[in-house]
Amino acid sequence: MKIQPVLLLLAASLLYLIPAGLQAQPTSDESDVKQTIVQLFDGMRTSDSSMVSTAFTPDAIMQTIGKNEEGMTIVHNGSLEGFLKAVGTPKKIIWDEQISSYEIKIDGELASVWTPYKFFAGENFSHCGVNSFQLAKFEESWKIFHIVDTRRTTNCGE
């Protein structure tokens, strides 16, 4: 029996399409982790420090990796308290951090999330980079306990 080339092509096409329908859907934990991060950025846009605060553990670590004046790599340590004060201070411009994607990895009560972003102060582009979030799952919800980011003004994917 000779297999017709058209039937062979059709069978191969169907096999190619099957995995697309079987791709994993986000789990409830993945959705909850993402929602915690969305809450952070929604709170920043509305200058709502209370909304932002509830996305974090009280002792959260905040860091930025960058370069100093001599061009040496440094890790700058910020504080949640200072960040919340800055978010809640009335301002004329909206802080709009636009996330392009979420890469979420979860193991038990630990989640790690990688989010490339572009930051706008009002309508003006300020900088871009990547956020790396570490979250822990508590009884009531996922909370950010560590965030480290990069910041640059070039090579932002335009």
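**Figure 1. Cysteine 156 sits buried in this predicted model.** Its relative accessible area is 12%, and because the cut-off for buried is under 20%, cysteine 156 makes the grade. Its partner is cysteine 128, and a disulfide joins the two, with 2.0 Å from S to S. Cysteine 128 is buried as well, at 1% relative accessibility.

**Figure 2. Here is the disulfide in its chain context, cysteine 128 to cysteine 156.** The count for this model comes to one disulfide. It ties together distant parts of the chain: cysteine 128 belongs to strand 6, while cysteine 156 lies in the segment after strand 7, 28 residues apart. Which hand does the disulfide have? The torsion about the S-S bond is about -75°, so it's left-handed.

**Figure 3. Helix 2 keeps its buried residues on one face.** This helix runs from 28 to 45 and has 18 residues. From first C-alpha to last it reaches 25 Å, close to the 26 Å expected at 1.5 Å a residue. Look for Val33, Thr36, Ile37, Leu40, Phe41, Gly43 and Met44, which are buried. Seen down the helix axis, the buried residues fall within an arc of 165°, so they line one face of helix 2. Just past the end of the helix, serine 47 takes a positive phi of about 55°.

**Figure 4. The largest pocket has a volume of about 400 Å³.** Its lining is made up of 20 residues. Which of them lie nearest the centre? Those are Met62, Thr64, Phe83, Asp149 and Arg151. As for chemistry, the lining splits into ten nonpolar, seven polar and three charged residues.

**Figure 5. Strand 1 gives the most to the lining of the largest pocket.** It contributes four residues. Helix 2 also takes part, with at least two residues in the lining. The other elements that each supply at least two are strand 2 (73-79), strand 3 (95-99), strand 5 (110-121), strand 6 (124-137) and strand 7 (142-150). Strand 6 ought to look familiar: it's the one that carries cysteine 128 of the disulfide.

**Figure 6. Stepping back, the chain has four helices and seven strands.** Starting at the N terminus, the order of elements is α-α-α-β-β-α-β-β-β-β-β. How much of the chain is buried? Of its 158 residues, 30% count as buried; among the buried residues are cysteine 128 and cysteine 156, as well as Val33 and Leu40 in helix 2.

Definitions and conventions: Residues numbered from 1 in each chain as written. Predicted model: local features only at pLDDT ≥ 70, side-chain atom pairs only at ≥ 80, totals over all residues. Heavy atoms only, no water. 1 Å grid on protein atoms, 1.4 Å probe; cavity = no way out; pocket = protein on both sides within 12 Å on 5 of 7 lines; lining within 4 Å. Points joined across faces, edges and corners; volume = space filled by probe spheres on them. Nonpolar A, V, L, I, M, F, W, Y, C, P; charged D, E, K, R; others polar. Expected span 1.5 Å × (residues − 1). Buried < 20%, exposed > 50% of the residue type's maximum accessible area, 1.4 Å probe, protein only. Arc of directions from axis to C-beta. Disulfide = S-S within 2.5 Å.
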